[in-house]
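This report describes helix packing, selected single residues and the cysteines of one protein chain. The sequence and the structure come first.

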Amino acid sequence: MFRVLLLNDDYTPMDFVVRILREIFHKESSEAERIMLNVHRKGCGLCGVYPYEIAETRVARVHARASAAGYPLRCRMEPDV
């Protein structure tokens with residue numbers, strides 16, 4: 001299993017991050033806002049733990065959506081140990 005993390009940057013708006021969390025990771029509004037605040041305050045936020053292929057797809061979707069919107073939002077996956 002792999003953890004998917006969103007990483008903080010100084011340019012991506014908070015509402016865009018919440019939208020990503022709701023649309024790509026299927027989070028409820030309150031959980032999406034909590035994760036977004038972790039990203040903002042702590043530098044990263046856990047989006048979920050998934051099998052490799054799903055984690056890889058979600059990371060790619062975040063990067064594609066952020067790039068299309070002109071934001072530098074980054075996402076990464078790491079083994080869940």
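## Surroundings of helix H1

In this predicted model, the buried residues of H1 pack against four elements: strand S1 (2-7), H2, strand S2 (44-50) and helix H3 (52-69). The residues concerned are Phe16, Val17, Val18, Ile20 and Leu21.

## H1 against H2

Two packed helices are described by the angle between their axes and the distance between the axes. For helix H1 (residues 14-23) and helix H2 (residues 29-42), the angle is about 130° and the axes are 9 Å apart. An angle that lies over 115 but not over 145 degrees falls in none of the parallel, antiparallel or perpendicular classes, and H1 and H2 are therefore oblique to each other. The crossing of H1 past H2 is right-handed.

On the H1 side, the contact is made by Met14, Val17, Val18, Leu21 and Arg22. Their partners in H2 are Ser29, Ala32, Glu33, Ile35, Met36 and His40. Sorted by class, this contact of H1 with H2 comprises seven nonpolar, two polar and two charged residues. Val17, Val18 and Leu21 appear both in this contact and among the buried residues of H1.

## H1 against H3

The axes of H1 and H3 cross at roughly 145° and come within 11 Å. H1 passes H3, too, in a right-handed crossing. H1 contributes Phe16, Ile20 and Glu23 to the contact, while H3 contributes Arg61, Val62, Arg65, Ala66 and Ala69. The contact of H1 with H3 has five nonpolar and three charged residues, and no polar ones. Phe16 and Ile20, which take part here, are also buried residues of H1.

## Ala66 in H3

Ala66 is located in helix H3. Its relative accessibility is 0%, so Ala66 counts as buried. Apart from residues up to four places away in sequence, Ala66 touches Phe16, Tyr71 and Leu73; Phe16 belongs to the H1 side of the contact with H3. Between the C-alpha atoms of Ala66 and Glu78 there are 20 Å in space, for a separation of 12 residues in sequence.

## Two loop residues

Thr12 is placed in the loop between S1 and H1. With a relative accessibility of 11%, Thr12 counts as buried. Beyond its neighbours within four places in sequence, Thr12 is in contact with Val17, Tyr71, Pro72 and Leu73. Tyr71 and Leu73 are thus touched by Thr12 and by Ala66. Thr12 and His63 lie 51 residues apart along the chain, with their C-alpha atoms separated by 12 Å.

His26 sits in the loop between H1 and H2. Is His26 buried or exposed? The relative accessible area of His26 is 58%, so this residue is exposed. Most residues other than glycine have a negative phi. His26 has a positive phi, near 55°.

## Cysteines

How many disulfides does the structure hold? The number is zero. For Cys47, the nearest cysteine sulfur is that of Cys75, 5.2 Å away. A disulfide requires sulfur atoms within 2.5 Å, and Cys47 is in no disulfide. Likewise, Cys75 is in no disulfide, and its nearest cysteine sulfur is that of Cys47.

Cys47 is buried, with a relative accessible area of 1%. Cys75 counts as buried as well, at 5% relative accessibility.

Technical notes:
Residues are numbered from 1 along each chain as its sequence is written. This is a predicted model: local features need pLDDT of at least 70, side-chain atom pairs count only at pLDDT 80 or more; totals for chains, interfaces and linings use all residues. Side-chain values use heavy atoms; hydrogens and water are left out. Buried means under 20% relative accessible area, exposed over 50%, partly exposed in between (1.4 Å probe, protein chains only). Axes are lines fitted to C-alpha atoms, for helices over the stretch in contact, and angles run from 0 to 180 degrees between N-to-C directions. Angles under 35 degrees count as roughly parallel, over 145 as roughly antiparallel, 65 to 115 as roughly perpendicular and the rest as oblique. A crossing is left-handed if the near helix is turned anticlockwise from the far one by less than a right angle, and right-handed if clockwise. Contact means heavy atoms within 4.5 Å. Ala, Val, Leu, Ile, Met, Phe, Trp, Tyr, Cys and Pro count as nonpolar, Asp, Glu, Lys and Arg as charged, and the others, Gly among them, as polar.
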